[in-house]
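Please walk me through this structure in the viewer, telling me at each stop what to select and what I should find there.

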Amino acid sequence: MNMLPSKEIPEEILNDSVLAHIAAAYFAVGKRLERKTQCSATRGFILSTLRDGTTLNQNQIATRLGFDRTVVHRAIKSLAKEGLVSEHRAKSGRAIQVQLTVKGRRYRERLISARMTADESVRRQMTEEERETLLRLLRLVAECEF
């Protein structure tokens, strides 16, 4: 049974591509988590870079995540408007420092909890052997040269 989002990736590509199947599964999981948490992957990744009281500027966040600076800037403005992050000028230079607020830390904790619940649900639907095989194969693909 094909549970992948067939409308997003043409069937002829899925039939012939291991990487397209991996990407389709990744995006399908991401979309489900986004619907469940009402938080985009971009916002989630940004919040994760600010864990444990970390203060970073927007360029540092973009570099760490490999995201376009404009995407990070827009997301941070939205997060700041919602009170999830605070922005303040660096003591030297023009950079704007970004840090999670108390509300942002609670929000991030809820996201982590939702992800852990989803992960546990997936674990329960697979045998231990299936999980081990999946993880072994994903490691193998990640190490492939192309």
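**Starting from Ile76**

Begin by selecting Ile76, which, leaving aside residues up to four places away in sequence, touches Ile46, Gln58, Ile61, Val85, Glu87 and Val98. Bear in mind throughout that this is a predicted model.

Next, widen the selection to the largest nonpolar core, which has 17 residues, and in which Ile46, Leu47, Leu50, Ile61, Ile76 and Val85 are those with the most contacts inside it. At least two residues of this core come from each of helix 3 (41-49), helix 4, helix 5, strand 3 (96-100) and helix 6 (102-124), and helix 5 gives the most, with 4 residues.

Now display helix 4 (residues 58-65) together with helix 5 (residues 69-81), whose axes lie 9 Å apart and which pack at an angle of about 120°; the two helices are therefore oblique to each other. Helix 4 passes helix 5 in a right-handed crossing, and to see the contact itself, select Gln58, Asn59, Ile61 and Ala62 of helix 4 with Arg69, Val72, His73 and Ile76 of helix 5. Coloured by class, this contact shows 4 nonpolar, 3 polar and 1 charged residues.

Finally, keep helix 5 in view and add helix 3, where the packing angle is about 80° and the axes are 10 Å apart, so that helix 3 and helix 5 are roughly perpendicular to each other. Here Thr42, Arg43, Ile46 and Leu47 of helix 3 meet Val71, Val72, Ala75, Ile76, Ser78 and Leu79 of helix 5, and the residues of this contact divide into 7 nonpolar, 2 polar and 1 charged.

How values were computed:
Residues numbered from 1 in each chain as written. Predicted model: local features only at pLDDT ≥ 70, side-chain atom pairs only at ≥ 80, totals over all residues. Heavy atoms only, no water. Axes fitted to C-alpha atoms, helices over the stretch in contact; angles between N-to-C directions. Parallel < 35°, antiparallel > 145°, perpendicular 65-115°, else oblique. Left-handed = near helix turned anticlockwise from the far one by under 90°. Contact = heavy atoms within 4.5 Å. Nonpolar A, V, L, I, M, F, W, Y, C, P; charged D, E, K, R; others polar. Core = buried A, V, L, I, M, F, W, Y, C linked by side-chain atoms within 4.5 Å. Buried < 20%, exposed > 50% of the residue type's maximum accessible area, 1.4 Å probe, protein only.
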